[in-house]
Amino acid sequence: MAIDLVTKFAPYTDEQFTTESKKSLLTNQDFDWTGAHTVRVYKVSTSEMNDYQRNGPVTDGQWSRFGPVKDLDATTEDFALNKDRSFTFAIDKLDADETAQQLAAASALARQNREVVIPEVDSYTYGVMASNAGHKPAAVALTASNVYAEITKASLALDDAEVPETGRVLVVTPATYALMKKSPDITLDSDVGQEMRLKGVIANLDGAAVVKVPAVRLPADFGFMLAHPVATVAPVKLEDFRIHQDPPGISGSLVEGRICYGAFVLDNKTKAIYYQALPAVASKTASKG
């Protein structure tokens, strides 16, 4: 006897897991690119201190008792937006109808932004910060025994560079965070306000907000990064997402998206970023674990 069993379709889409962006905690929007492709800012030098010559100039050619008169340098640095990215896809009208509207333009656009656009912008920004960090010590394998000592080195480096103590952010991978929780020297302050938790802060360590970012969005061999948001400008000049209903040549929806963005570390503020890399072997082992 042959029996055909029933297959029931559930109007449900199995979405991929995604992580909210933490980029806003580490960057700033201090400059405005409206009406321009490039923003130019000045870097002005200073003058060294001298011994005041109370009894008059003592050096040939020096006429001021305050010391040699120097001119200040006023050089510039340019920040040109170099990431102009786009995507497009079509959804046939019958495909939308015959998938119980699971293949719908609006939800597909939201998925594209959540799973493709945001991770790309995050990864690019973190990569720029790591490559332009003013402190890049030699790669070291992090363990539960040494992770606090290495993070302390980062704090000391920023202290010596006179980086503001408030507002610092410690970016860690899930593997590094697991080592921190095992470290006998680390006591994580989990008393974090609701507003900061919504932004992605999971704890505080020595005054720095601890943010856990998936390794897939970070540079290869990433150990941790301690940074102050004053160092990195991360503008998004254009976010243009649209859904065209029944455009010429398509019976259905045409979805288009464009985003113009960038990330720049200011020359005089590179010391506000400390990037600790892992040895290549150690990072691969950690990712497998």
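**β3 and β10**

I looked first at how β3 meets β10, strand 252–261, in this predicted model. I found ten bridges joining the two strands, and they run antiparallel. To fix the register I took D92 and looked up its bridge partner in β10, which is G252.

**The sheet around them**

Which strands make up this sheet, and in what order? I read three strands in an open sheet, ordered β3-β10-β9, with antiparallel pairing. The edges are β3, residues 83–92, and β9, residues 236–245. Each edge strand pairs on one side only. I also looked up the twist, which averages 5° from one strand to the next.

Next I asked which helix packs on this sheet. The helix is α3, residues 105–131, and I noted that α3 touches β3, β9 and β10. The direction of α3 makes about 160° with that of β3.

A reminder to myself on strands: side chains in a regular strand alternate between the two faces of the sheet.

**β6 and its two partners**

I moved on to β6, residues 208–212. Is β6 mostly covered or mostly open? Mostly covered: I found four of its five residues buried.

I then checked the pairing of β6. Four bridges join β6 to β4, residues 169–172, and this pair runs parallel. Four bridges also join β6 to β5, residues 201–205, but here the strands run antiparallel.

I followed V210 of β6 across both pairings. L170 stands opposite V210. A203 also has V210 as its bridge partner.

How do β5 and β6 connect? I logged a hairpin with two residues between the strands. In the turn, D206 has a positive phi of about 50°.

**Helix α5**

Which residues of α5, the helix at 174–182, are buried? I noted T176, Y177 and M180. Why do they line one face of the helix? Seen down the axis of α5, the buried residues fall within an arc of 100°, so they line one face. The general rule I keep in mind is that an α-helix has 3.6 residues a turn, so residues three or four places apart point the same way.

On the other side of α5 I found K181 and K182 exposed.

Last, I looked up what covers the buried residues of α5. The cover includes helix α4, residues 147–160, and the strands β4, β5 and β6. Strand β7, residues 222–227, is also part of that cover. My entry on β6 therefore links to this one: β6 helps cover the buried residues of α5.

Technical notes
Residues are numbered from 1 along each chain as its sequence is written. This is a predicted model: local features need pLDDT of at least 70, side-chain atom pairs count only at pLDDT 80 or more; totals for chains, interfaces and linings use all residues. Side-chain values use heavy atoms; hydrogens and water are left out. Two strands pair if DSSP finds at least two bridges between them. Axes are lines fitted to C-alpha atoms, for helices over the stretch in contact, and angles run from 0 to 180 degrees between N-to-C directions. Contact means heavy atoms within 4.5 Å. Buried means under 20% relative accessible area, exposed over 50%, partly exposed in between (1.4 Å probe, protein chains only). The arc is that of the directions from the helix axis to the C-beta atoms.
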